[in-house]
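This report walks through the protein at hand, beginning with one residue and moving outward to the sheet, the cores and the ligand shells.

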Amino acid sequence: MSCAGSRVRVLSVAGTDPTGGAGIHADLKSFAAHGAYGMAVVTALVAQNTHGVRAVHVPDVAFLRAQLDAVSDDVTVDAVKIGMVGTRAVADEVAAWLAHTRPPVVVLDPVMVATSGDRLLDADAQDAVRRLVAQADLVTPNLPELGVLLGEGTAATWADAVRQARRLATAADVTVLLKGGHLPGDASPDAVVDATTVTELDAVRVSTTSTHGTGCSLSAAVAALRPRRPDWVTAVREAKEWLTGAIAAGEALGVGSGRGPVDHLHHAPALGARPFSADAWDRVADLRAACDDLPFVRGLADGSLPVEEFEQYLHQDALYLAQYSRVLARASQLAPDGVAQVFFAQGAARCLDVETLLHAERLARAGTRWSGPASAATTAYVDHVLAVAATGSYAEVVAAVLPCYWLYADIGARILVRAGDLAGHPYGDWVGTYGDPAFAAASARACDLADAAAREVGAATRARMLAAFVTSCRHEVAFFDQVRALAPSR
Ligand SMILES: Nc1ncnc2c1ncn2[C@@H]1O[C@H](COP(=O)(O)OP(=O)(O)O)[C@@H](O)[C@H]1O
Ligand SMILES: Cc1ncc(COP(=O)(O)O)c(N)n1
């Protein structure tokens, strides 16, 4: 099949969801996610959210027909996806329009009950939906809908459901996309079934509450893909892989407190998404505030920190930096280009040179030798960054090392302001290093590299980046906070 326009023109005929997760709203996002030009005719106005359906208003069917004709009198429709019809009158009107204007691809999602359990189809409209099935090329029932279409009960097993799908495909001369989302277990298989062939498509079941609108989104994706794909199986396989990723990324959207929507644009995070660093910084707002209040940080700023505590801190920091340097070297090793490679290699060297020197000089000047082992807090932080370096991708490693730049630069700049003139300040050398604009520039560069890395990865890796970043920040706070407990152990 081919289409004349630069994009496939796909029409959704469906109900609304003002929270944007299901119905025509989901369909339009699904179309866009697959590069299609989306259009929509509203069958029913539904007052619903992620918790359920509050009210349904079905406009006069004459008005539905006016919408349908307005589209098809003007625009060539390459594919249509039909979702919620709600009433028998609507189903019959859509059937009449299909008989008059038959787009080359007709996908029917026989919506009957929402994920929330609310009815979306009048009981007396089931026969009308069965008639619509006969006009469709592909019908996409979930398990209960398949039973209703056949006038049978809901299949108890996947094998029974596949047999039911076969009966429907044969009786209605239609291809069936049987959806296994309602099955128990670790898998969420689907199957493309026609009179002669069954093609099972396996997928892992994502453990999530974000399943609102999955059926709508899947059928819309298949409608958008089919005009550009050689057969149903190819289009469905691609759509299902995309949907599994969209379900996995759904919770991160933070939309609603019930069964939330999927993230239709999870595969294109650069499309309007906030930079990784902006999200990450917001996520650790509480930790940043906590840092400013630590006695260690306050004592550093006003110079009242006992010198023993400072030296103990420097000793632990030197132990930390020796290992952190290896993690920066790992980031350099994994870096996608020469610029990032050099940045992290120089960072690794700097840890060993400048900062260790600062520590050694300071401790030597004090005439003190600190030789104790790494503390529990130091070991925990080192273990975390080394674990990410050993098992994580470049993006995750960059996220894990970022707080050591960014939190330090951030706190350093504020301490610098609070400390005032560094000339007579007991910790002027330390404050000068971390409050230095050159260190702030290195920190900004590390943020840019983390943002660039985040743009190249999917939602699951981005979530792991965030987790690695937040964990490093927690260790930073614990690292500062350990000092009081360590001081007497010299
Ligand atoms: N938790 C989940 N993890 C992965 N895929 C899922 C999950 N829940 C549903 N799906 C998939 O979403 C699509 C819609 O499934 P289903 O829930 O059966 O339909 P409906 O939304 O119409 O009730 C199917 O491809 C199904 O396999
Ligand atoms: C307008 C409209 N159409 C369909 C559904 C079903 O959604 P789901 O895909 O979660 O079953 C819905 N909740 N609202």
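## A residue and its surroundings

Leu143 is buried, because 21 other C-beta atoms lie within 10 Å, and a residue counts as buried from 20 upward. This residue belongs to helix H5, which covers residues 143-150. When neighbours within four places in sequence are left aside, Leu143 is in contact with Thr154, Ala155, Ala161 and His182. The C-alpha atom of Leu143 is also separated by 6.7 Å from that of Lys179, although the two residues stand 36 residues apart along the chain. Lys179 returns below, since it is among the closest residues to ligand 1.

## The protein as a whole

The model described here is predicted. The protein has 19 helices and 10 strands, and buried residues make up 46% of its 490 residues. Among the contacts with a separation of 6 or more, 72% are between residues 24 or more positions apart.

## The sheet and the hairpin

Eight strands form an open sheet with mixed pairing, in the order S2-S1-S5-S6-S7-S8-S9-S10. S2 and strand S10 (198-201) stand at the edges with a single partner strand each, so one side of each has no neighbour in the sheet. At the S10 edge, strand S9 (residues 190-193) and S10 pair in the antiparallel sense over four bridges, and Asp190 stands opposite Leu201 in S10.

Helix H2 (residues 61-72) packs on the sheet, where it touches S1 and S2, and its direction makes about 155 degrees with that of S2. Helix H1 lies across S1, S2 and S5, and runs at about 170 degrees to S2.

Another antiparallel pair is formed by S3 and S4, which four bridges join. The connection between these strands is a hairpin through four residues, and Gln48 stands opposite Val53 in S4. Is strand S4 (residues 53-57) largely enclosed or largely in the open? Of its five residues the number buried is zero, so S4 lies largely in the open.

## Helix H1

Helix H1 (residues 23-33) presents another case: 10 of its 11 residues are buried, so the rest of the structure largely encloses it. The buried residues include Gly23, His25, Asp27, Lys29 and Phe31. They pack against strand S1 (9-14), strand S2 (37-42), S3, strand S5 (79-82), H7 and H8. After H1 comes Gly35, which has a positive phi near 75 degrees.

## Nonpolar cores

The largest nonpolar core holds 81 residues, of which Val222 and Ala224 touch the most other members. H8 gives the most to this core, with nine residues. Not counting residues up to four places away in sequence, Val222 touches Val107, Leu138, Leu177, Ala235, Val236 and Ala239. A second, separate core has 64 residues, among them Ala280, Cys291, Tyr394 and Ala453.

## The two ligand shells

Ligand 1 is surrounded by 20 residues, the closest being Lys179, Gly181, Ser188, Thr214 and Gly215. Helix H7 (214-225) and helix H8 (232-248) each supply at least two residues of this shell, and H8 gives the most, with four residues.

Around ligand 2 there are 19 residues, and Gly15, Ala22, Gly23, Thr115 and Gly215 come nearest. Strand S3 (45-48) and H7 each supply at least two residues of the shell around ligand 2, and H7 gives the most, with three residues. Gly215 is therefore listed among the closest residues for ligand 1 as well as for ligand 2, while Gly23 is also one of the buried residues of H1.

The table sets out the classes of residue in each shell.

| Shell | Nonpolar | Polar | Charged |
|---|---|---|---|
| Ligand 1 | five residues | 11 residues | four residues |
| Ligand 2 | eight residues | 10 residues | one residue |

Key
Residues numbered from 1 in each chain as written. Chains lettered and ligands numbered in written order. Predicted model: local features only at pLDDT ≥ 70, side-chain atom pairs only at ≥ 80, totals over all residues. Buried ≥ 20, exposed ≤ 12 C-beta atoms within 10 Å, placed from the backbone. Contact = placed C-beta atoms within 7 Å. Near = placed C-beta within 6 Å. Nonpolar A, V, L, I, M, F, W, Y, C, P; charged D, E, K, R; others polar. Core = buried A, V, L, I, M, F, W, Y, C linked by C-beta atoms within 7 Å. Pairing = 2+ DSSP bridges. Axes fitted to C-alpha atoms, helices over the stretch in contact; angles between N-to-C directions.
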